[in-house]
Every structure is written in structure tokens, then in C-alpha cells.
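Thanks for making the time this morning. I would like to walk you through one model, taking the metal site and then the ligand beside it, before I end with a single loop residue.

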Amino acid sequence: MLKTGFHTAVPKKAAVLAIFSGKKAKLGNKAAELDKKTGGAIAAAIKAAKSFDGKCCQSLVLSGIKNSGADQIIVLGTEAKDKEKLCPMKIEESGATLVKALKAAKLEEAAVLTDAPDGIDVAEFAAHLAYGAVLQDYTFGIYKKKKDAPKKLKALDIVLANAAEAKKLFAPLEKIAAGGFLTRDLVSEPPNVLYPESFAARAKKELTPLGIKVQILTDKQMEKMGMGALMSVGKGSARPPRMVIMQYDGAPKSASAAAKKPVAFVGKGITFDTGGISLKPGPGMEDMKWDMAGAGVVTGLMKALAGRKAKLNAVGIIALAENMPSDRASRPSDVVTSLSGQTVEILNTDAEGRLVLADALWHVQEKFKPKTVIDLATLTGAIIIALGNEYAGVFSNDEELSARLVETGAELKEKTWHMPMCKAWDKAIDSDIADMKNIGGDRGAGSATAAAFLARFIKDGTSWAHLDIAGMAWSKKERLTVPKGATAFGVRLLDRLVAKHYESK
Ligand code: BES
Ligand code: ZN
Ligand code: ZN
């Protein structure tokens, strides 16, 4: 991760200084001081630059400014659009802009003379600036062995009077970033490297040092326990399924019994989804390496929560399997018995996510009696038809929980949209020969019938939400704080949801 430091003065002779400017070279205190030393050369250069008018997420590189003490000066815009105050998300984008500008100019480090725009706390500004820089700097480069391996910055030194406060504000943000990076790494790994066993081992290795209890259920154990739904998905593959149970106990000892009840996060972890015997078409099948994104998010979220010492008890469960066609694979028309005892007629082996989730959802409720269960899954192509790559779908039996998810998502630009659930979609999965079938009829609403299926594995009284993140887990577009590829969508969202609604004071 990019090394960021907060200092009260520029730590050493910095070759590159970053400063802030609004419209018409309206400089903050620190920038103005520097400008004075240069006899106004900085302000003059900013005014002369046609491409820079001080808007947030603009940058300008100045070279050869005499008496500035630096070889290069990077000017960052601070004006929010439409007279709005700069929100933390925008400030993060500004930090990301700085990193992009540095990389474009082939520079490796910089000191930032921090001036916050009027009305914004400078320590908060500095912390979010650093967070945005860290997020932009992420790359998944481990398989690039030649010289086109992506370059990373060496360090960013952020200078402000109240460095200690900025450091304190940044500490939890850095932990959330680290959680998100674990998610991005897991989701980016190729499926020959990341399969149920190796995923489970990786989760254990990453989380145990943080004080998280990690239990791995093997295929043999799950078979014995009666997880027939999950097992039916994994049995076509030479790589056997796993379930990982991650327990983080962060609630204070003094918390009430109700406050100690855990919040559970459940993730779909299909390490590769070929569709099974209901084989997917070849073109685009490579995308199905990220069919474990739900599990990746749950794992990264646990790392974030434990890292920042969140004050709650949380359980993460990931259901890991590889969906392959073979002589041992499930056939369309097979009937299996889930852990809950309910039977499922498998009419399409490509609707496998709901099968692995059914057993994970049931197990977490039986074992941990959580007050709330939130599952994440790249569950249906249909959610991409409905919401594209802009919103995850939220299906829930709890209006308050879904409203909170929508509200928190809007704050963080991890947007979610509340989708409907109704009896008709539940009826649509009734089977002629078993308790239910794993696909709806032919009347559309594929994401809703999938949610109706999951709902049959939620006990009365459990507050539950299902996030269908099929459109959000992977991005072909670059955003300033979310590079192309694995997005880790859901880590920030659920971390904030926890902070707002589930932590002890
Ligand atoms: N993993 C897919 C859903 C998916 C599609 C995720 C595209 C990300 C991008 C899921 O297992 C699946 O194949 N669902 C089927 C369900 C259908 C058979 C009822 C689908 O959406 O087509
Ligand atoms: Zn599938
Ligand atoms: Zn799938």
C-alpha cells in the first residue's frame, strides 16, 4: 500500500510539492507562502494555464519555478461544482488526481502543502486526500513479470499543522482500504490459483493474525452435516468445495446481550462458474472468475472491521465451490436435500449461487442466531439488465435495513436500489416434484425469483438483505478511486453500515 505520512513540516527537501488552488489562482495559506517566495511566479503560471480553472479533480504540473525549492509543483483544484461544499468523496478524488498526475509525470513521491478550502476541516481534508491517493495507487500486478509491470508511488508526505489529528482520522480509513485491497486481490486472482481450498487457506492466513477465528469446513464435513445443496454445485469439479466461517468478536464486554448478537455476512464464492452441465457460452466466460466476488467482499470486510477494531460481533461465512461440467456433475432434473431439510429440484445447473447460499444462510442462522444477515452475490445476469453497472439490487424482508443500505450506498457512491419481493415470485419457484426448483418459470424477473429462493432459507424473525452485485463487482471503466477490474463494491458500504447502525458506542 502507498506509504502516506502526516507531518507538521516538509520532512526533507522535496523534489515535488503539491499545492491547492481555487479559481483564478486563489491560493490557500501554505500555497500563498510558497508563491511569495517565488515572487508570484506560481500564481502567474496558474493564471496563464488555460486548461486549469481550479475545479476539483483538475491538476497542473509546473516545472522550473525559481526559488520554490522544488523541481516540480503540482497544483490541484479545490472548487466544488455548483457552489457545493467539497464532500469527502470529492476530496478523495482530489487525492487520486494527485497520484494520477504524479504517475503521468513519471514522479515517484511528493510532499503536499495542505490547504483546505474555506469551511472544511484541514485534518479531515488531509485524511481523505490520503485515502483517495491510496485507493488510486492500487494495482494487481503480481503476474506482470516483465518491464511493463505497473509503477507505484514511493511515498506521499502530507504537511499540515494538525498532523496528529489527520493521522488519527486516517487510521481507520487505511484499514478499510486494506480490507478492500484484499477483496480486489482475491477477485482478481485467476481461477487456477484461487479455488475453494486455496481461497480458504488465504482467508485463514490473512485474518487469523487480526484476531479473527477462522474455521474451514471440508467437503467431507459438509457432506456429513447435510449440505446437499452446496455439495451438488461443487461435485462436478476436481477441486472440492469449502466453507469458511470467520468470527470477529469486537463487542465490548459490557454490551447488552442484544447488542452482542452478531451481524452475519454471507458471500457467494463460486471460484469459476462454467454453468456446469447447463454450460455457459464461451465468449465472456472468463468473467466468471469473479463469481466469487461476494465471498471476496465478505473476507475483505472482515479484515476491515477487525483492522479498525469495530465494536461489534460479526460473522462472515463464504460458500466456496467451482461449478464444472463432468461425469460427476449435477444434471438438470436432479433433486437434492439442503441443510434446512427442504428439497430442491435443480432445473438449471447455472443457477448455482442460490444453492451454495442456501446452505450457508441456514448454517449461519442455526449456529450463530444473528440479528441481521446480509448476503452478497454475483447472483444473476438479470440484475445487470435491470440496473446495469450503476446500482446493486437490494432484496430484503426488512424495510428499515433496505432503507439504510440505500442511504449509506448513496453517501459512498456504492449505490444500491431497493428491489421488490412478492408472493408471485415465491410461487414461481414451486416445483412439481420437490419443495422448490432452482429457477423461476419463464415470466422474467430472474433476480427476484433468485431472491425468493434465498428467502426460503431465512428463518422467521431474522432481518435479512440480499445484495445482487453482479453488475458492480467488476468494472471495465476506470474511476479515480476505483481502478479498472475488481471494485470491492460492498466493503465500504457495509463497513459504514456497521459503523452507523451496529456498533456499540
Ligand atoms: N454467476 C452467474 C450470474 C452472473 C452473470 C454474474 C453475469 C455476473 C455476470 C449466475 O450463476 C448465473 O449464471 N445465473 C443465471 C441464472 C439463470 C440460469 C436462472 C443467469 O443469470 O443467467
Ligand atoms: Zn451460474
Ligand atoms: Zn454464478
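The two zinc ions, ligand 3 and ligand 2, are 3.2 Å apart in this predicted model, and Asp 273 coordinates both of them. Let me take the two ions in turn.

For the zinc ion that is ligand 3, the protein donors are Lys 268 through NZ, Asp 273 and Asp 291 through OD, and Glu 352 through OE, at distances of 2.0 to 2.4 Å. Along the chain these donor residues follow the spacing K-x4-D-x17-D-x60-E. The angles among the 6 donor atoms of ligand 3 run from 77 to 172°, and the site is octahedral. As a reference for that geometry, six octahedral donors would ideally sit at 90 or 180 degrees.

For the zinc ion that is ligand 2, the coordinating atoms come from Asp 273 (OD), from Asp 350, which gives both O and OD, and from Glu 352 (OE), at 2.0 to 2.2 Å. The spacing of the donors of ligand 2 is D-x76-D-x1-E, and with angles of 70 to 166° among its 6 donor atoms the site is classed as irregular.

Which of these donors are buried, and which are partly exposed? Lys 268 and Asp 273 are both buried, and Glu 352 is buried as well, because its relative accessible area is 1%, under the 20% cut-off. Asp 350, on the other hand, has a relative accessible area of 23%, so it counts as partly exposed.

Turning now to ligand 1, we find 17 residues around it, and the closest are Lys 280, Asp 291, Asp 350, Glu 352 and Gly 381. A polar side-chain atom of Asp 291 lies 2.9 Å from a nitrogen atom of ligand 1, while a polar side-chain atom of Asp 350 lies 2.8 Å from an oxygen atom of the ligand. From Thr 378 it is a backbone N or O atom that lies 3.4 Å from a nitrogen atom of ligand 1. On its own, ligand 1 has 520 Å² of accessible area, of which the protein covers 78%.

Finally, the loop residue. Gly 490 sits in the loop between strand E19 (485-486) and helix H16 (491-501), and it counts as buried because its relative accessibility is 0%. Beyond its neighbours within four places in sequence, Gly 490 is in contact with Val 297, Leu 376 and Glu 414. Thr 183 is 307 residues away from Gly 490 in sequence, yet the C-alpha atoms of the two are 9.8 Å apart in space.

How values were computed. Residues are numbered from 1 along each chain as its sequence is written. Chains are lettered from A and ligands numbered from 1 in the order in which they are written. This is a predicted model: local features need pLDDT of at least 70, side-chain atom pairs count only at pLDDT 80 or more; totals for chains, interfaces and linings use all residues. Side-chain values use heavy atoms; hydrogens and water are left out. Donors are N, O and S atoms within 2.8 Å of the metal (3.2 Å for Na, K and Ca); water is not among the atoms, so sites may look incomplete. Four donors count as tetrahedral if all angles lie between 85 and 135 degrees; four count as square planar and six as octahedral if opposite donors are over 155 degrees apart and all others between 65 and 115; anything else is irregular. Buried means under 20% relative accessible area, exposed over 50%, partly exposed in between (1.4 Å probe, protein chains only). Helices (H or I, at least four residues) and strands (E, at least two) are DSSP runs, numbered from the N terminus. Contact means heavy atoms within 4.5 Å. A residue is near a molecule or strand if one of its heavy atoms lies within 4 Å of it. A polar contact is a pair of N or O atoms within 3.5 Å; within protein, one must be able to donate a hydrogen and the other to accept it, and residues adjacent in sequence count only if both atoms are side-chain atoms. Accessible areas come from the Shrake-Rupley method with a 1.4 Å probe; for residues, only the protein chains shown count as cover.
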